Amino acid sequence: MFLSPVVVAAMLLASGCDGSKPLIRKKQGEQPGPFPAADRPVASIVSARWSTEEARDRLNEAGTVMKQAGIAPGMTVADIGAGEGYYTIRLSAQVGKTGRVLAEDIVAATRDALAERVARERLDNVSVRLGAPSDPKLPAKSFDRVLMVHMYHEIEQPYEFLWRLRPSVKPDGLVVVVDANRPTQAHGTPPQLLRCEFAAVGYRQVSTTEMPSAGGYLAAFRPVGPRPDPAKIRACRI
């Protein structure tokens with residue numbers, strides 16, 4: 001997953017949102033229905049683990065991210081791409097008995113392993129479910145925060161995914177993305193590209209913060225206005 005600084009530097013590309021002709025040609029039939037295809041590489045899912053939990057805790061990664069994201073007791077939080085549950089377990093403690101955590105993954109075996117961990121650790125405020133690559137399948141108007149950590153670059157159809165995610169966020173809720181500032185094929189997302197893709201589906205960026213303890217940056221978005229017509233969404237170009 002990790003590349004040398006020399007390789008990463010050689011791969012870095014400026015991203016934009018000019019709606020011009022795509023740079024990545026799609027084969028016939030690859031368009032995801034009425035939604036535009038991502039005009040950028042999509043990283044493969046290589047592991048349910050970004051790093052060891054011990055190493056992440058030494059940097060206070062989860063604590064720093066949850067504080068910056070404003071996650072507080074009593075909140076309802078979705079952990080998308082939950083993997084082995086590093087954030088799920090810590091979110092459970094953070095939101096407390098009056099809060100709820102929904103942990104989701106699109107790999108059935110990973111979902112099952114996390115469900116076993118949740119049951120073993122008796123996390124009564126956590127639910128685990130299986131999502132779909134282009135649809136998180138979250139209940140409407142339910143979440144104060146939707147957290148996506150080191151997984152956005154793996155979403156195959158980001159415009160459809162973000163479009164279907166919107167109804168699940170409460171009016172004052174936020175979608176919080178943590179990722180590395182490098183190309184998507186190098187398991188990161190350039191901040192300008194992230195901002196463009198969210199904006200294309202009607203999200204407004206409310207903050208961005210460097211997050212060295214989490215290997216990159218944290219960006220928070222809020223849905224604004226009505227959802228756009230899928231056929232009118234224009235793909236951002238890299």
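Which residues touch the most other members of the largest nonpolar core? The close-ups below take that up first, and they come from a predicted model.

**View 1. The largest nonpolar core, centred on its best-connected members.** In this core of 31 residues, M148, L162 and F198 touch the most other members. Two or more residues apiece come from β1 (76-80), β4 (143-149), α6 (158-165), β5 (169-179), α7 and β7. As a rule, nonpolar side chains in soluble globular proteins tend to be buried together.

**View 2. A look around F198.** Set aside the neighbours within four places in sequence, and F198 is in contact with M148, Y152, L162, V175, V177, Y203 and F221. Two of these partners, M148 and L162, join F198 in touching the most other members of the largest core. Apart from that core lies another one, of 28 residues, with Y87, L91, V95 and L114 among them.

**View 3. Helix α5, end to end.** Helix α5 runs over residues 108-120, and its 13 residues should span 18 Å at 1.5 Å a residue. The end C-alpha atoms are indeed 18 Å apart, so the expected and modelled spans agree. Just after α5 comes R122, with a positive phi of about 55 degrees.

**View 4. The two sides of α5.** Which residues of α5 are buried? They are T110, L114, R117 and V118. These four cover an arc of only 100 degrees around the axis, which means they sit on the same side of α5. The general background is that an α-helix has 3.6 residues a turn, so residues three or four places apart point the same way. Over on the other side of α5, A109, E116, A119 and R120 are exposed. The cover over the buried residues of α5 includes α2 (53-58), α4 (86-95), β2 (100-105) and β3 (126-130). One of those buried residues, L114, also belongs to the core of 28 residues.

**View 5. The disulfide of C196 and C236.** How many disulfides does a search of the whole structure find? It finds 1, and the pair that forms it is C196 and C236, with sulfur atoms 2.1 Å apart. The link is left-handed, at -95 degrees about the S-S bond. C196 lies in helix α7 (residues 191-200) and C236 in the segment after β7 (216-223), so the pair ties together parts that are 40 residues apart in sequence. Are the two cysteines buried or exposed? C196 counts as buried because its relative accessibility is 5%, and C236 is buried too, with a relative accessible area of 0%.

How values were computed
Residues numbered from 1 in each chain as written. Predicted model: local features only at pLDDT ≥ 70, side-chain atom pairs only at ≥ 80, totals over all residues. Heavy atoms only, no water. Expected span 1.5 Å × (residues − 1). Buried < 20%, exposed > 50% of the residue type's maximum accessible area, 1.4 Å probe, protein only. Arc of directions from axis to C-beta. Contact = heavy atoms within 4.5 Å. Disulfide = S-S within 2.5 Å. Core = buried A, V, L, I, M, F, W, Y, C linked by side-chain atoms within 4.5 Å.
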